Amino acid sequence: MIGEERLPAEDRIIPVLPPPAEVSANLARLADTVARLRGEVDHAHAVADGRGLIELAKGVLMERLHCTPSDAAKQLETLAERSGMTPLEFAADVVGEAAEDRITEVTQEFLARAEGEESVAVRLRTAESGVLAAGDTQRVAESILEHALRPLGATAVAVWLAGPDGSLTLAGSAGFSAEEAARWCYVPPGVATPARSALLARDTVWLPTLAGAGLPSIGQHTLSGGGRVTVPTGTGGRIIGVVEMCWPEPLPAEPGRQRRQLEALAELCAHTLDTWDGVVPPVTADGDFLGELVDFIDGLHDPAVLLSPCVDGGNRLSDFRIHHANVRFADPGGRPRSRIVGTRLLESYPLAAEESGLLDKIQRVYATGEPFRAESMAVTTLVDQVPLTVLTDVSVTRFAGNVLLILRIQDDAAKLAVLLQHAQRLGRIGGFEENVVTGAITWNIELFSLYGLPSTATPLSLHDLAANAHPDDAPAIGRFLRAVLHHKRPSSTAFRLQRSDGVARHIRVVAEPVVDARGELVAVRGAYQDVSSQHWTEVALAATRDRLAETEQQAMERNRLALQLQHAIMPPAKGPIDMPGLRAAVRYRPAEKEHLVGGDWYDAVALPTGEVLLCVGDVAGHGIDAATGMVSLRNALRGLAATGAGPAQLLTWLNLVAYHLTDHVTATAVTAVYNPADHKLRWARAGHLPPIVRHSDGTATTLPLIRGSLLGAVRDVTYEEDELQLAEGDLLLIYTDGLIERRDRPVQDSVSRLLTLVDGHDGGLEHQLDRLLTYSTADTDDDTCVVGIEVMTS
């Protein structure tokens, strides 16, 4: 057999085969036991790791308070209790305040990013205390990975020592297999790796994925799709090595603030690298062969797993560790390979220990060297703590003191069952079946979770449904139970579940009866679904619809008032207005949509001096605010014109009115004063389009663009005034931008087209205005106001 070896009897590990035993009725009991023990072990490790940090804090208190160790311990507990922190978190703060080093600086920045039960300060200080207690770089790497990098999602770390010739030596690693560390114990000069990139750049190198960088490195077969961060480290300004940190998943393209935290962790490795004795971390004797075997497994088309034996203190086989799994291996429970590799077989698959189970076959192959193969072998695993039996093709072979396991799931129904389990978990759906004859009730694990009960609790009967629901839902639950249990027809209902832990959830239950050949009810099966999110979404949508309806009603009322105000102040002109020396006509077209009621306004007033005031304006915005702003400016201009001031002075005063006496009103305007005695027109503009003059000979021109800014924008403005000599028969047109404005062309092009319309018309004043409105190409749906003045004989 390829790679098989026979060890002398005295050197071989004696396997202990499991004695025959009856299969447990509760297959999940072993899994619960393993989970509990692992939790206790993890808690013990956490307590041991934090002990060194607490001792450092006690030392700081002894120095500051000049007290004994016992008094310092009491002070630590008392102060932690007063501050509402755990002793471990308070110890981290004490050490950080005393140190005032880079760890303290990074802790303050990343404290808000803490995850889990421990803060960033605890993680960094615990890693630092582990480094100080470690005597070699290997233990430093293990401490950093365990206390600081794993909470950040990293799964491996490598510490490289930089040689004077540019070579890299692996001084310590954690999270990689022994043969992987042996294969990468030395990198010759000139080989491009992520660590060398950081060394050459003398700065942190952030690689979102190793595969995307195209650089080889340690763990490239198992972590090629994950991200890497390499940070140079050293002392006294001298770079002596590189710390390479590995994630199983891709990293974001931009490192953000996490970069400083990783750089602080890398600095912890500097002092051990500076005194490293050059000893490569130990590996197994068959490390080279294992590396070749990993490459061999990765090339297989079958899902394969490499298992390494685990022995106890008496050199007796106790379990197997999952050393490597190729990319084709699919965990029946749906877990990623990174969650399985490195764990013990019974930890990941506790039901493999049952009689005639998989572990028995693996142990026999390891003991005898005889391969085992089977088709359609029933293998039981746990999916969401629920036993699931699948049919698999199994092949077990011993290779150089290790075991190669090929496990191919052949039952499509089993694969669908796994998908169903995950679909129920994601949809928060719990299934049940209740035997009404025997009273036996079966729940899946998700239903225990919905009720807030442990998986070992006794399932509740349908008759207990009302006792665990809101009292107001009792009638609906009663109708549901009568339909299913008495009328024997499928039914559903929704109710508010009141759990024993005080949490209330909105649940929908669906059930159908199961009857025998005589039509007698024998069982009820169905499902519960947590619809709390849907319920609160519907409540929020209903409230939003009510608010929108109320807002819409308010908007309609405001628009109606704005229209009434606009029509009251600016009634449509019924005909031409005859004044001394001129004839005036007005065309006003309001916006087609009521919510776009604007602030266009016009006026023609005979002044006490015998002159005529002409003005057109456009207040910015729409609605009631624009309409009231228009009223304020129009009335103010009428009052100011009685002073006899010229157009430029009138606009200067009107600007002060808009700036100081109105509520943030801005507007454009053209103001003109016409003297019928000599046919002279003085005019000024405030950000408005200049008027158009059609002379008696039929030619049309635009008045010059004299200086004048928007009304109400700034306090102090100087307006320029111009004078125009008119002749009998000349026509003056003042308009707002609603006549010509388009979204798809410049304003100047629209003005040129308007000039063409005016220039090609030789009819009367009113016909001219009607023609302009008819052939207007504006598309902004804004108010439109046009004032035409025809010079007559005085």
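The side chain of R196 comes within 2.9 Å of the backbone oxygen of P188. This is a predicted model. The points below cover the setting of R196, then an open sheet of 5 strands and helix 18, which lies across part of that sheet.

**R196 and its surroundings**

- R196 sits in helix 8, which spans residues 194-201.
- With a relative accessibility of 9%, R196 counts as buried, because the cut-off for buried is under 20%.
- Beyond its neighbours within four places in sequence, R196 is in contact with G166, S167 and L168.
- The contacts of R196 also include V187, P188, P189, G190 and V191.
- P188 thus appears both among the contacts of R196 and as the residue whose backbone oxygen the R196 side chain reaches.

**The open sheet**

- The strand order is 14-13-17-16-15, and the pairing is antiparallel.
- Strand 14 (441-443) and strand 15 (491-498) are at the edges; each has a single partner strand, so one side of each has no neighbour in the sheet.
- From one strand to the next, the twist averages 20 degrees.

**Pairing of strands 13 and 17**

- Strand 13 (residues 429-435) pairs with strand 17 (residues 521-530) in the antiparallel sense, over 7 bridges.
- G431 is opposite A527 of strand 17.
- In general, strands of a sheet pair through backbone hydrogen bonds, in either a parallel or an antiparallel way.

**Helix 18 on the sheet**

- Helix 18, residues 474-486, lies across strand 15, strand 16 (504-515) and strand 17.
- Helix 18 runs at about 140 degrees to strand 15, which is one of the edge strands.

How values were computed. Residues are numbered from 1 along each chain as its sequence is written. This is a predicted model: local features need pLDDT of at least 70, side-chain atom pairs count only at pLDDT 80 or more; totals for chains, interfaces and linings use all residues. Side-chain values use heavy atoms; hydrogens and water are left out. Helices (H or I, at least four residues) and strands (E, at least two) are DSSP runs, numbered from the N terminus. Buried means under 20% relative accessible area, exposed over 50%, partly exposed in between (1.4 Å probe, protein chains only). A polar contact is a pair of N or O atoms within 3.5 Å; within protein, one must be able to donate a hydrogen and the other to accept it, and residues adjacent in sequence count only if both atoms are side-chain atoms. Contact means heavy atoms within 4.5 Å. Two strands pair if DSSP finds at least two bridges between them. Axes are lines fitted to C-alpha atoms, for helices over the stretch in contact, and angles run from 0 to 180 degrees between N-to-C directions.
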